[in-house]
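Biologist: I would like a close look at the strands of this model and at what surrounds them, please. Could you state each cut-off as you go?

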Amino acid sequence: MGTQVAAIVPCHNEAMSVSAVVRGLQDAVPGITVYVYDNNSTDDTAEVAKQAGAIVRTERARGKGNVVRRAFADIEADIYVLIDGDDTYDAGRAGELIDLLRQGPYDHVTGVRRQLSETAYRPGHTIGNRVFNALVGMIFRTRVSDMLSGYRVFSRRFVKSFPALSRGFEIETELTVHALNLRVPQAEADVGFTDRADGSQSKLRTYHDGWRILWLILGLTRHERPLLYHGLIAFALVAASLALGLPVVAEFAATGTVPRLPTAILASSLMILALLLLTTGFILDGLRRTRRESTRLSYLALPCHAHSPTWRSAAGNNP
């Protein structure tokens with residue numbers, strides 16, 4: 001029995017491009033099963049996808065994160081390909097990404113976008129992506145090239161251990177952070193990225209979704225690096241406490257009086273609050289370690305694809 005490869009294509013009003021994506025995946029990976037998830041489209045996306053040979057399913061909860069959550073729960077396969085339905089990614093590279101996943105063996109391969117035209121990225125997206133990459137890389141101490149890429153390949157055990165809590169376009173950030181936290185073997189490969197088809201419109205709202213991604217990064221930092229998160233806030237409070245309190249202490253040492261009592265109380269309160277925050281950080285860090293160990297054990301409970309006796313590529317290559 002050959003390897004089961006499934007492609008997940010989230011779509012909202014992509015009738016103009018979804019057919020090209022489906023056929024591109026089918027040509028690149030013979031035997032692949034393409035699932036197009038229609039996310040409340042008002043055009044003929046579902047019908048066009050069916051005619052192209054895809055299995056069409058519907059997810060009513062709006063947002064790419066909701067689609068990925070549903071697809072990861074419902075679809076059973078050995079390898080999963082996630083790609084947008086707007087035909088901006090080179091679907092023809094799917095076979096190469098799958099081969100890279102197998103050869104590692106890796107659990108996660110990211111298609112790092114390389115523009116094929118100067119207008120592929122919307123204004124501000126290049127800078128925003130670089131800022132987010134640098135921020136996540138700094139927080140999680142790992143180099144990140146394209147955390148917002150929507151073109152990825154996963155092993156089964158990555159997919160089935162992924163909680164998928166995000167609702168919208170911030171799902172890519174959650175996928176990246178999940179891989180970094182589990183420290184799964186992963187790789188990157190350049191893929192072409194070009195303009196959308198004429199007449200189609202991007203669903204990404206630059207500032208709205210940008211703020212949501214930034215908010216998610218902060219939330220994940222608090223959740224996954226609690227000692228760092230609370231420690232930084234505690235450090236700021238300690239600095240403010242010392243700035244306010246040292247002059248009061250110096251004045252008391254010189255005169256034996258505390259004429260600025262409210263300032264002294266404020267400085268003391270800030271220092272107490274900082275110590276409480278630091279203590280909270282240590283407690284949450286211990287809980288995080290326990291939770292991460294549990295997640296790791298759940299991940300390890302799933303078989304590694306490299307040792308599966310049924311491991312054969314859809315094209316019939318040997319492992």
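Modeller: Happy to: I will begin with the overall frame, follow the strands from one to the next, and then turn to the packing around them.

The model is a predicted one, so to keep the ground rules clear: local features need pLDDT of at least 70, side-chain atom pairs count only at pLDDT 80 or more, and totals for chains, interfaces and linings use all residues. Residues are numbered from 1 along each chain as its sequence is written, and side-chain values use heavy atoms, leaving out hydrogens and water.

The protein has 10 helices and 7 strands, taken as DSSP runs numbered from the N terminus (helices H or I with at least four residues, strands E with at least two). Of its 319 residues, 46% are buried, where buried means under 20% relative accessible area with a 1.4 Å probe, protein chains only. If contact is taken as heavy atoms within 4.5 Å, then 77% of the contacts between residues at least 6 apart in sequence join residues at least 24 apart.

Now to the strands. Two of them count as paired if DSSP finds at least two bridges between them. S1 (5-11) runs parallel to S4, with 4 bridges between them, and valine 81 of S4 faces alanine 7. S4 (79-82) also pairs with S6 (residues 152-155), antiparallel and again over 4 bridges; here isoleucine 79 has serine 155 as its bridge partner. In a regular strand the side chains alternate between the two faces of the sheet. Both faces of S4 are covered: Ile79 and Val81 are buried on one side, Tyr80 and Leu82 on the other.

From S6 the path leads to S5, joined antiparallel by 3 bridges, with valine 109 partnered by valine 153. S5 in turn pairs with S7 in the parallel sense over 8 bridges. Because 6 of its 8 residues are buried, S5 is largely enclosed by the rest of the structure.

Threonine 110 makes a good stopping point within S5 (residues 108-115). This threonine is buried at 6% relative accessibility and stands opposite glutamate 188 in S7. Setting aside neighbours within four places in sequence, threonine 110 is in contact with Asp146, Ser149, Tyr151, Arg152, Ala187, Glu188 and Ala189. A charge also meets a ring in this part of the story: the charged end of arginine 113 sits over the ring of phenylalanine 193, 5.3 Å from its centre (the rule asks for NZ of Lys or CZ of Arg within 6 Å of the ring centre and within 35 degrees of the ring normal).

What packs around the strands? A nonpolar core is a set of buried Ala, Val, Leu, Ile, Met, Phe, Trp, Tyr and Cys residues joined through side-chain atoms within 4.5 Å. The largest core holds 31 residues, and Leu25, Val34 and Val36 touch the most other members. Strands S1, S2 (33-38), S4 and S7 (186-193) each give it two or more residues, as do helices H1 (18-28), H2 (45-52) and H4 (94-103). Valine 36, for one, is in contact with Val9, Cys11, Val18, Val22, Ala49, Ala54, Ile55, Val56 and Arg57, apart from neighbours within four places in sequence. A separate core has 23 residues, including Val68, Ile75, Phe162 and Val184.

Alanine 94, in helix H4, is buried at 0% relative accessible area. Not counting residues up to four places away, this alanine touches Leu25, Ala28, Val29 and Tyr151.

Aromatic rings complete the picture. Rings of Phe, Tyr and Trp (its six-membered ring) pair when their centres lie within 6.5 Å, with planes under 30 degrees apart called stacked, over 60 edge-to-face and the rest tilted. There are 7 aromatic pairs by this rule. Phenylalanine 72 and phenylalanine 162 are edge-to-face because their planes stand at 70 degrees, with ring centres 6.0 Å apart. This pair bridges 90 residues of chain, from helix H3 (residues 64-74) to the loop between helix H6 (156-159) and helix H7 (171-182). Phenylalanine 72 is buried at 4%, and phenylalanine 162 is buried at 7%. Ring pairs link both of them with Tyr80, Phe154 and Phe158 into a cluster, and that Tyr80 is one of the buried residues of S4 described above.

Technical notes: Buried means under 20% relative accessible area, exposed over 50%, partly exposed in between (1.4 Å probe, protein chains only).
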